[in-house]
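Me: I would like a close look at one part of this protein, the open sheet, with its strands taken one after another. Please write for someone in a first year of study.

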Amino acid sequence: MSFFDTFFPYTCVLCGGHARKILCDECLSAVKPYSGKRCLKCSRPLPGEDNVFCTQCLKGVAFEKGFSLFLYEEIREIVYSLKYRNMPHVVHLLSSFSKEIRESKIFNGVSFLIPVPMHSKRIRKRGYNQAGLIARELSSIFHIPVIYDVLIKQKDTPPQAGLNYKQRLDNLKGAFSVKNTEKIEGKTVVLVDDVYTTGTTINQCALLLRRKGAYPRFFTLSIASPSIFP
Ligand SMILES: [Zn+2]
Ligand SMILES: [Zn+2]
């Protein structure tokens, strides 16, 4: 066994070089949580704006607040590896950023984490739900239990990518349902997903949970900057 194989047994997800864990030291130091100005409610970047809330939050959203760690554009390759390259271990990257996540206070006073569910047909195809993996990782860092039997994806919907806001909304009609609602009544819960794009999915799920007496928030690994959707 060579020196590199012993001390850097992994292949960096971003550059293919030798890595101690998921990323090599160089790539890890280049991956940075978004540190610019954010919407006070949903945490979407608001660069160069005088507002404290984004347009969408001003119109009204179903969640209490949300936090996204990275800009999607900056960690696209990592999200791809997690979703499409069968690399579920990429999710352990989150533990390197526990300080930043803690500082967001998004998990303060939270009873449960709820991954945005995927239809069972798609889970069989991919082998896992990436939102579930992220929730499990967060659960091990922050010691908050994950619940899987409250929010259910009952309809297999086509992927949201490439659809505009209105189409996304139509696409999600009747897609989710809520069960075992006594578990979440009066509780603060955090919806967990990989990417927050237009926020349609998170908002739809938050609405269903809120109707059952929960106080939903969200955490996503990344958030798309407003320029990439209408
Ligand atoms: Zn690298
Ligand atoms: Zn907002």
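Reply: What follows describes the sheet, and then some of its surroundings.

The model is predicted, and a word on confidence belongs at the start. The mean pLDDT of the protein is 90, with 94% of its residues at 70 or more. Confidence is highest in strand 4, at a mean of 98, and lowest in helix 1 (residues 3-7), at 65. Where pLDDT is low, the predicted coordinates should not be read in detail.

The sheet is open and consists of four strands, which lie in the order 3-8-7-4 and pair in parallel. At its edges are strand 3, covering residues 66-71, and strand 4, covering residues 112-115, and each of these pairs on one side only. The sheet is not flat, since neighbouring strands are turned against each other by 20° on average, direction ignored. In general, strands of a sheet pair through backbone hydrogen bonds, and the pairing is either parallel or antiparallel.

We can now cross the sheet from one edge to the other, beginning with strand 3. Strand 3 and strand 8 run parallel and are joined by five bridges; one pair to look for is Ser68, whose bridge partner in strand 8 is Thr220. Strand 8 is then joined to strand 7 by eight bridges, again with parallel directions, and here Val192 has Phe219 of strand 8 as its bridge partner. Strand 7, which covers residues 188-196, is joined in turn to strand 4 by four bridges, and these two strands also run parallel. In this last pairing Val192 appears again, as the bridge partner in strand 7 of Pro115. Val192 therefore serves as a useful landmark when you follow the strands on the screen, because it is a bridge partner of Phe219 in strand 8 and of Pro115.Strand 8 deserves a further look: eight of its nine residues are buried, so this strand is largely enclosed by the rest of the structure. Helix 9, made of residues 200-211, packs on the sheet and touches both strand 7 and strand 8 (215-223), while the direction of this helix makes about 165° with that of strand 7.

Away from the sheet, some loop residues offer a contrast with strand 8. Lys105 sits in the loop between helix 5 and strand 4, and it counts as exposed because it has 10 C-beta neighbours inside 10 Å, where 12 or fewer is the cut-off. Asn180 belongs to the loop between strand 6 (176-178) and strand 7, and with 12 other C-beta atoms within 10 Å it is exposed as well. Most residues other than glycine have a negative phi. Lys105, however, has a positive phi of about 65°, and the phi of Asn180 is also positive, near 45°.

Finally, the domain assignment places residues 1-30 in domain 1 and residues 35-228 in domain 2. Six residues of domain 1 are in contact with nine residues of domain 2, and on the side of domain 1 that touches domain 2 there are five nonpolar residues, no polar ones and one charged.

Terms used
Residues numbered from 1 in each chain as written. Chains lettered and ligands numbered in written order. Predicted model: local features only at pLDDT ≥ 70, side-chain atom pairs only at ≥ 80, totals over all residues. Pairing = 2+ DSSP bridges. Axes fitted to C-alpha atoms, helices over the stretch in contact; angles between N-to-C directions. Contact = placed C-beta atoms within 7 Å. pLDDT = per-residue confidence, 0-100. Domains from an automatic or database assignment. Nonpolar A, V, L, I, M, F, W, Y, C, P; charged D, E, K, R; others polar. Buried ≥ 20, exposed ≤ 12 C-beta atoms within 10 Å, placed from the backbone.
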